[in-house]
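Thank you all for making the time this morning. I would like to take you through a structure that may be new to most of you, and I will ask you to keep it in view while I talk.

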Number of protein chains: 2
Amino acid sequence: MSAPERVAPGEKRRDRALLIVITGGGKGKSTSAFGTMLRGWARGYRIGVFQFVKSGKWKVGEHRAARELGGIDWEKMGDGWTWTSRDLEQSADLAREGWEEVKRRISAEAYDLLLLDEFTYPMSFGWVDVDDVVRTLRDRPGFQHVILTGRDAPQALIDVADLVSEVRKVKHPFDEGIRGQQGIEW
Amino acid sequence: MSAPERVAPGEKRRDRALLIVITGGGKGKSTSAFGTMLRGWARGYRIGVFQFVKSGKWKVGEHRAARELGGIDWEKMGDGWTWTSRDLEQSADLAREGWEEVKRRISAEAYDLLLLDEFTYPMSFGWVDVDDVVRTLRDRPGFQHVILTGRDAPQALIDVADLVSEVRKVKHPFDEGIRGQQGIEW
């Protein structure tokens, strides 16, 4: 399936490349990012998704939809990344390697919209340097929207972001012993 | 484009039809619902989307993506709904007519996943009766996931929901005079 014809981003004067952070303890952070991705897709944006989650089993639904839509690069840490031949067993190494690749693609202006899913966790764990992330995202060249999701976004990141939403849990079925299920949770 | 083969929902014992409410004043409610929709789509769910927004101009991105994915019914109040030949000029009448159709489809178990986008507004405006909505959704037959978005979800609805997330605004580019832009906002 071919993606829509690309409208050069930043062409309209009102356009501005945004750094969007979706954080908080509630459900709906990643799904919100993927929903926004659909809008970028419809505009023909070159889209890159980096999922900083360990298990490759999760979030298969949105990946399948992205494949169907076409024109979306999708990289998953859970599968060990596609571009590295090294056998990185450790999550810390995998996360660092993922971030280094993201930096290369930002530098190359590979995408109009870059989605860093669950990327707060490698920062929280100290695997990826927050200052490096803040500097890289703040000083990114050209016109690149960036959407970053995950709990506990560091304050320094919130400070440089254009749009920050916090998803707060009001009620969750897990609390009542209802388990996650395919079609909703992944 | 044909949708994935349908896995009968409720087939696994862990599955339970959920009523999901995404509310709050922050950005990312509808996009979160559409992201979740991708997961249902990947499972071959029969999906119905009802957008209770006045303007047909908004949210074209996700509609375009849904058309491309296939297997998703999409009804927009902004276009006057597709099924009614009556010329309903008033938003109140349009919203009521939309809700009556939703009730018919729920009763017919037309979908495995039903998305009522921005549906809190007709309730807040008093166009659609909250008790009727609560009763209808609570007592829906069979296996039907329902996702409902919009600010100020009524407490009675939250009470019967399984999952409620509140999206809180931490920072928004509109505050700094940056206007909405295609590819992100719609």
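I will begin with a single chain, and then turn to how the two chains sit against each other.

Please bear in mind throughout that this is a predicted model. Chain A has 186 residues, of which 46% are buried, and its fold comprises 6 helices and 6 strands. If you follow chain A from the N terminus, the elements come in the order β-α-β-α-β-α-β-α-α-β-α-β. Of the contacts in chain A between residues at least 6 apart in sequence, 79% join residues that are at least 24 apart.

Now to the pair of chains. A turn of 180°, with a shift of 0.0 Å along the axis, lays chain B on chain A with an RMSD of 0.0 Å, and the two copies are therefore related as by a two-fold rotation axis. In chain B, the C-alpha nearest that axis belongs to S32(B), at 1.7 Å from it. Both copies use the same surface, in that 100% of the contact residues of chain B recur in chain A.

What does each chain bring to this contact? Chain B contributes 53 residues and chain A contributes 53 residues. On the side of chain B that touches chain A, the elements giving two or more residues are helix 1, helix 2 and strand 6 of chain B, and helix 1 of chain B gives the most, with 12 residues. Sorted by class, the residues on this side of chain B are 23 nonpolar, 15 polar and 15 charged.

Let me stay with helix 1, which spans residues 29–42. The axes of helix 1 of chain A and helix 1 of chain B come within 6 Å and cross at roughly 90°, which means that helix 1 of chain A is roughly perpendicular to helix 1 of chain B. Among the residues making this contact are S32(A), F34(A) and L38(A) from helix 1 of chain A, together with S32(B), F34(B) and L38(B) from helix 1 of chain B. The contact between these two helices has 6 nonpolar and 10 polar residues, and no charged ones.

Finally, how do the strands meet across the two chains, in the parallel or the antiparallel sense? Strand 6 of chain A, residues 163–171, pairs with strand 6 of chain B in the antiparallel sense, over 7 bridges. To pick out one place along that pairing, S165(A) has K169(B), in strand 6 of chain B, as its bridge partner.

Terms used
Residues are numbered from 1 along each chain as its sequence is written. Chains are lettered from A and ligands numbered from 1 in the order in which they are written. This is a predicted model: local features need pLDDT of at least 70, side-chain atom pairs count only at pLDDT 80 or more; totals for chains, interfaces and linings use all residues. Copies are superposed by least squares on the C-alpha atoms of residues with pLDDT of at least 70 in both. Two residues are in contact if their C-beta atoms, placed from the backbone, lie within 7 Å. Helices (H or I, at least four residues) and strands (E, at least two) are DSSP runs, numbered from the N terminus. Ala, Val, Leu, Ile, Met, Phe, Trp, Tyr, Cys and Pro count as nonpolar, Asp, Glu, Lys and Arg as charged, and the others, Gly among them, as polar. Two strands pair if DSSP finds at least two bridges between them. A residue is buried if 20 or more other C-beta atoms lie within 10 Å of its own, exposed if 12 or fewer, and partly exposed in between; C-beta atoms are placed from the backbone. Axes are lines fitted to C-alpha atoms, for helices over the stretch in contact, and angles run from 0 to 180 degrees between N-to-C directions. Angles under 35 degrees count as roughly parallel, over 145 as roughly antiparallel, 65 to 115 as roughly perpendicular and the rest as oblique.
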